[in-house]
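Open the model in your viewer, switch to a cartoon view, and keep the selection tool at hand. The tour below suggests what to select at each stop and says what is found there.

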Amino acid sequence: MKPTPASSASAHTDLFARDHLPPAGLWPELCFDLPELQYPARLNCVAELLDLALARGIGARIALRGEYDNWTYAQLHQQVNRIAHVLRGPLGLQAGHRVLLRGANTPMMAACILAVFKAGCIAVPTMPLLRAGELAVIATKAEVNAVLCADNLRGEVEAMELSPAARQCTLYFGAGAGAGAVAVAGDACGNTMLETLMAAQSAHFTAVDTAADDVCLISFTSGTTGVPKGTMHFHRDVLAICDCFPRSVLETQADDIFIGTPPLAFTFGLGGLLLFPLRVGASAVLLERLTPEALLVAIQTYRASICFTAPTFYRQMAPLFASYDLASLKKSVSAGEALPVATRESWRQASGLTMIDGIGATEMLHIFISAAGDQVRAGATGKPIPGYQACILDQQGQPVGPGVIGRLAVKGPTGCRYLADARQRDYVFNGWNLTGDAYEMDADGYFYYRSRTDDMIISAGYNIAGPEVEDALLRHPAVAECGVIGRADEERGQIVEAHIVLKPAYQASPELALQLQEFVKAQIAPYKYPRAIRFLTALPRTETGKLQRFKLRTE
Ligand code: 3UK
């Protein structure tokens, strides 16, 4: 195994995270080959992302734009410092303590995450739609010591099971519109608000001198089944993702305005809507509850230049694009699930933009295979981005050549380290991270997504990838959204079953089902056509835009 950067003494006085890292032998191999990935042994990511920005004299530039607040770099810096003081002062937290975070995308939520990093604590962000029971599983697993929660989402926090100590250290923020920068004495129940405590704190806070490999983030997978897995990331990892994809593929600039839908609690959103803009001194628009229409309006209003969202959003935005003035938009990034060729094309026709598809994973923190501009190849996700390597492994773990479908394996500066979880052995094999995706490579080193490894449909001996059938169906003018699964079948083992949402002008009928079947047969090998078709009004999706195939299977 290659040497990894020297580890230095942890700044944590609470060693929960270090003590629950997987044993060294089960770690993925880490690679820091690029000059931009040479980090010092002592590193606090927020010192780099914010303190340095101020030192460079960009304090007056807008960092975050929200519905109610616009914060300059100087204002964000002060907010972060005050929150960091609240954590270490009134709340009495130690370095290494875990802080559960809950809130929609707002400047205040962003400031809380950064403050936790800066204070040497560990952020445990959670998705806004999670319920008390799900939050309790996360709080228990990460043994959280404190909670910072947006006031409008407090119900589930009040209802969740929480240790008495963490309950004592629970604060709410942002009561009422525009409360971010305003001191609010207390809520209706007389609880102290985070802002009230902040008002009494100094706007200066020296970043805790953490080790580059001190854990600062435990991100729980948006997994569709089973107990969620906590993935542990270091201060170094937070910077490494900023110095890979945005630098080499996205080519971000200081005058970029970032916008999009993924929650900050999802690492796709944390990177794209907070860390990447800060790394280059750019600004981010943080908005709550975005629909495809609302996102288009916001791009127009804020003159956004880079958009991050999932394929389903681009699909719904494409037909509406022409109704807005979106000349500011220069780049569109799609991740979270496979981007069908049909979606890439309709987006290009509508916007004139070549979509930047990228596969990322919570375990890897962000995107590791992607392509932009004239490097894009139809149907491929792209190539491993600089800093990462990838290959395809067969069932025995041997690398296979071009044209063979196998298991995607990747390594780079970031990688999987589950918090106390036996599934570490499933994700890491021989130093490679196995993402659970079936991929194929071509002779030029492009990587093509086929399906999740568990989702490959086997029908009468044929291997059929659901997403390929979905792509064919999406080309039909009647189809708005679709999900294709394998349904158990006595004769064939499985049959291909398509779940289809029609565009408003179309009516479900047996004739239309037949038409759709013939349409698929005319485009791809006929044995792949959906023998069963079901019409739905909406597909089950996660908060991160992923189709929940298991729900289609059990319907
Ligand atoms: C799938 C894709 C095909 C794939 C994520 C960007 O999605 C993210 O993280 P998750 O842990 O899920 C990981 C899995 O999602 N996937 C993601 N992107 C693509 N499949 N093409 C794509 N472009 O199955 C992967 O294993 O929720 C994405 C950045 C950060 C992230 N956490």
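Which atom of the ligand lies 2.9 Å from a polar side-chain atom of lysine 546? Select the ligand together with lysine 546, bearing in mind that this is a predicted model, and you will find that the partner of that polar side-chain atom is an oxygen atom of the ligand, at 2.9 Å.

Keep the ligand selected and add aspartate 357, which has a polar side-chain atom 2.8 Å from a nitrogen atom of the ligand. Then add threonine 267, where an N or O atom in the side chain is 2.9 Å from a nitrogen atom of the ligand. Taken alone the ligand exposes 610 Å², and the protein buries 95% of that.

Now widen the selection to the 22 residues around the ligand, of which Asp357, Gly358, Thr362, Asp437 and Lys546 come nearest. The elements that contribute two or more residues to this shell are helix 11, strand 13, strand 19 (432–441) and strand 20 (447–452), and the greatest contribution, four residues, is made by strand 13.

From the ligand, move on to the sheet, in which nine strands follow one another in the order 2-1-10-9-11-12-13-14-15, with mixed pairing, to form an open sheet. At its edges are strand 2 (70–72) and strand 15 (383–384), each of which pairs on one side only. Select strand 12 (residues 331–334) and strand 13 (residues 356–360), which run parallel and are joined by two bridges; here serine 334 stands opposite aspartate 357 of strand 13.

Next, colour the two helices that pack on the sheet. Helix 4 (residues 107–118) touches strand 1 (62–66), strand 2 and strand 10 (283–286), and its direction makes about 130 degrees with that of strand 1. Helix 11 (residues 267–279) touches strand 1, strand 9 (257–260), strand 10, strand 11 (306–309) and strand 12, and its direction makes about 170 degrees with that of strand 9.

Helix 14 (residues 341–351) is the next stop, and its buried residues are Val341, Ala342, Thr343, Arg344, Trp347 and Ser351. These buried residues pack against helix 13 (311–317), strand 12, strand 13 and helix 16 (466–474). Just after helix 14 comes glycine 352, whose phi is positive, near 75 degrees.

Finish at histidine 235, which is placed in helix 9 (residues 235–242). Is histidine 235 buried or exposed? Histidine 235 counts as buried because its relative accessible area is 0%, and buried means under 20%. Leaving aside residues up to four places away in sequence, the residues that histidine 235 touches include Leu43, Phe117 and Asp214.

Terms used:
Residues are numbered from 1 along each chain as its sequence is written. This is a predicted model: local features need pLDDT of at least 70, side-chain atom pairs count only at pLDDT 80 or more; totals for chains, interfaces and linings use all residues. Side-chain values use heavy atoms; hydrogens and water are left out. Two strands pair if DSSP finds at least two bridges between them. Contact means heavy atoms within 4.5 Å. Axes are lines fitted to C-alpha atoms, for helices over the stretch in contact, and angles run from 0 to 180 degrees between N-to-C directions. Buried means under 20% relative accessible area, exposed over 50%, partly exposed in between (1.4 Å probe, protein chains only). A residue is near a molecule or strand if one of its heavy atoms lies within 4 Å of it. A polar contact is a pair of N or O atoms within 3.5 Å; within protein, one must be able to donate a hydrogen and the other to accept it, and residues adjacent in sequence count only if both atoms are side-chain atoms. Accessible areas come from the Shrake-Rupley method with a 1.4 Å probe; for residues, only the protein chains shown count as cover.
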